[in-house]
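Reader: I should like to go through the terms used for this protein one at a time. Please set each value against its criterion before concluding.

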Amino acid sequence: MNHYHYLYRPKPKAMTQPIEGFSKLTKEQKIDWLTTHYTTDPEAAKALLKRYWNVVEDVQQLHDEFIENTITNYYLPLGIAPNFLINNKLYAIPMAIEESSVVAAASKAAKFWLDKGGFKTQVLGTEKIGQVHFMYHGNKERLTAFFEQVRPKLLSDASAITKNMEKRGGGINKIELRDKTEALDHYYQLHCTFETLDAMGANFINSCLEQFAKTLKAEAQSFPLFSEEEKAIEIVMSILSNYVPDCLVRAEVSCPVDELKGGSSESSRQFAEKMVQAVNIAKVEPHRAVTHNKGIMNGIDAVVLATGNDFRAVEAGIHAYASKDGPYTSLTHAAIENGTFKFWIELPLALGTIGGLTSLHPLVKLAMEILGKPSAQELMQIVAVAGLAQNFAAVRSLVTTGIQEGHMKMHLLNILNQLGATEDEKKTLTHHFKKHSATHNAVVEAFEKLRNTK
């Protein structure tokens with residue numbers, strides 16, 4: 001049975017009764033229940049799910065145990081963008097993504113800058129943030145006095161957690177008491193900063209914060225200046241922040257304007273000026289900035305995912321950073337100075353190269369090996385370059401040929417696969433669209449015409 005036919009069946013009605021103990025079922029039992037109650041052809045659905053299982057049993061078990069209630073694997077293509085010269089070192093960058101033209105665009109940008117000095121990068125900071133959020137009803141001065149007294153105790157009580165991290169040169173940087181009562185009545189926080197080295201550090205930070213919260217609450221009970229009401233500090237939550245504006249990396253490219261060829265009839269100078277104008281538009285127009293930055297994230301997320309890091313955390317932090325000064329704006333910058341075109345990006349990236357999937361997922365371990373087993377700081381620089389390259393390629397297309405010409409040609413195979421084209425038909429139509437615009441309608445018409453002539 002053609003699995004595309006199965007995928008396009010109408011959705012069945014959802015079952016009316018909830019299930020108890022679903023998580024305790026075996027994987028086979030979960031699949032039997034799911035396909036029986038939520039699919040129109042249970043046997044076809046089971047076959048499709050099992051088709052994506054890894055044939056090596058222990059590899060499949062590893063994947064099953066990454067999350068809960070696993071029924072199968074969801075594949076994304078893993079591609080390679082070669083020829084990235086970063087700080088005079090050549091990289092081939094792994095990218096896991098489903099969107100057509102992203103890997104091709106990154107590769108094209110890498111090749112463009114290869115003979116122009118490549119990408120230059122610099123880590124500007126590596127500080128992570130976590131907070132204990134609490135409510136306090138009482139005198140602010142007494143709370144401040146209590147905090148100054150309890151701060152050493154906060155550190156000493158967390159020493160068992162920080163011991164190993166401190167041996168490696170990391171640990172707790174600072175703990176501050178912050179008064180947030182202007183924003184929310186009775187709301188205060190312990191604002192804490194950390195150095196987690198090659199670990200992303202979420203578990204380390206959260207463990208420290210939860211210990212801080214216990215110490216804060218316990219010590220308040222015996223602080224002599226507090227009234228009974230003031231002793232009743234209410235801990236709301238203790239959690240790291242994915243907004244890390246001081247865990248920052250910069251990546252840039254530059255070359256003489258005369259060497260900047262846009263691939264069009266325009267002069268190098270005209271192309272350079274158009275690039276600057278396009279970035280300036282993204283700086284002042286949020287509707288454009290969101291799409292502009294989405295293109296940057298195409299490159300960033302693909303490398304973050306390929307290296308086993310948390311792309312949702314990275315996305316949230318980066319988009320918050322894009323609006324740090326008020327309006328949402330471009331993450332990249334462009335300028336022409338003394339005959340030189342400059343294009344750069346600064347963004348926060350909290351990444352890890354040890355722990356989590358980085359030491360478990362076989363393809364993540366291979367991706368790290370391909371990148372030369374980078375430190376977290378080196379990975380920050382590689383990821384920033386992928387975002388900058390993606391943005392350069394996208395903006396270059398937008399101000400010259402337009403985005404659709406290249407994108408639709410890369411999307412061609414997806415359309416042909418949806419239409420069920422044979423290998424010979426794909427070959428014929430791929431050749432045809434090398435000289436014709438590959439819009440969806442044009443592809444469908446050409447496909448139908450080819451089929452009808454047989």
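Author: What follows takes the whole chain, a sheet, a surface patch and some single residues in turn. The model is predicted.

Reader: What makes up the secondary structure of the protein, and what box do its C-alpha atoms fill?

Author: The secondary structure comes to 17 helices and 10 strands. Taken along the principal axes, the C-alpha atoms fill a box of roughly 90 × 70 × 40 Å. Of the 454 residues, 44% count as buried. The protein exposes about 23900 Å², and carbon and sulfur atoms supply 53% of that area. Among contacts between residues at least 6 apart in sequence, 71% join residues at least 24 apart.

Reader: Why are strands S5 (171-179) and S7 (234-241) said to stand at the edges of their sheet?

Author: The sheet is open and has 4 strands in the order S5-S6-S4-S7, with antiparallel pairing. S5 and S7 each have a single partner strand, so one side of each is left without a neighbour in the sheet. Neighbouring strands of this sheet are turned by 15 degrees against each other on average, direction ignored.

Reader: How do you know that S5 and S6 are paired?

Author: Pairing requires at least two bridges between the strands. S5 and S6 (residues 187-195) have 8 bridges in the antiparallel sense, so the criterion is met. Aspartate 179, for instance, stands opposite tyrosine 188 in S6.

Reader: How many bridges join S4 to S6, and how many join S4 to S7?

Author: S4 and S6 pair over 8 bridges, in the antiparallel sense. Isoleucine 129 has threonine 193 in S6 as its bridge partner. S4 and S7 pair in the antiparallel sense over 7 bridges, and glutamine 131 stands opposite isoleucine 239 in S7.

Reader: What makes S4 a mostly covered strand?

Author: Of the 8 residues of S4, 8 are buried, and buried means under 20% relative accessible area. In a regular strand the side chains alternate between the two faces of the sheet. On one side of S4, Lys128, Gly130, Val132 and Phe134 are all buried. On the other side, Ile129, Gln131, His133 and Met135 are all buried too, so both faces are covered.

Reader: Which helix lies across S4, S5 and S6?

Author: Helix H6 (residues 140-157) lies across strand S4 (128-135), S5 and S6. H6 runs at about 170 degrees to S5.

Reader: Which residues form the nonpolar patch on the surface, and where do they come from?

Author: The patch is formed by Leu78, Ile80, Leu363, Leu366 and Ile370, with about 410 Å² of accessible area together. Strand S1 (78-86) and helix H13 (362-370) each supply at least two of its residues. The largest share, 3 residues, comes from H13.

Reader: Why is leucine 363 called partly exposed?

Author: Leucine 363, placed in helix H13, has a relative accessible area of 45%. Partly exposed lies between under 20% for buried and over 50% for exposed, so leucine 363 is partly exposed.

Reader: Why does valine 279 count as buried?

Author: Valine 279 is found in helix H10 (residues 268-284). Its relative accessibility is 0%, and the limit for buried is under 20%; valine 279 therefore counts as buried. Leaving aside neighbours within four places in sequence, valine 279 is in contact with His292, Ser330, Thr332, His333, Ala334 and Phe343. The C-alpha atoms of valine 279 and isoleucine 235, 44 residues apart along the chain, are separated by 44 Å.

Reader: What is noteworthy about the phi of asparagine 69 and that of asparagine 338?

Author: Most residues other than glycine have a negative phi. Asparagine 69 has a positive phi of about 55 degrees although it is not a glycine. Asparagine 338 has a positive phi of about 50 degrees, and this residue is not a glycine either.

Reader: Where do these two asparagines lie, and why does asparagine 69 count as partly exposed but asparagine 338 as exposed?

Author: Asparagine 69 is found in the loop between helix H4 (57-64) and S1. At 37% relative accessibility, asparagine 69 is neither under 20% nor over 50%, and so counts as partly exposed. Asparagine 338 lies in the loop between strand S9 (332-337) and strand S10 (340-348). Its relative accessibility is 85%; exposed means over 50%, and asparagine 338 therefore counts as exposed.

Notes. Residues numbered from 1 in each chain as written. Predicted model: local features only at pLDDT ≥ 70, side-chain atom pairs only at ≥ 80, totals over all residues. Heavy atoms only, no water. Axes fitted to C-alpha atoms, helices over the stretch in contact; angles between N-to-C directions. Contact = heavy atoms within 4.5 Å. Patch = residues over 30% accessible without salt bridge, like charges linked within 9 Å, V, L, I, M, F, W, Y side chains within 5 Å. Areas by Shrake-Rupley, 256 points an atom, 1.4 Å probe, with all protein chains shown as cover. Salt bridge = Lys/Arg side-chain N within 4 Å of Asp/Glu carboxyl O. Buried < 20%, exposed > 50% of the residue type's maximum accessible area, 1.4 Å probe, protein only.
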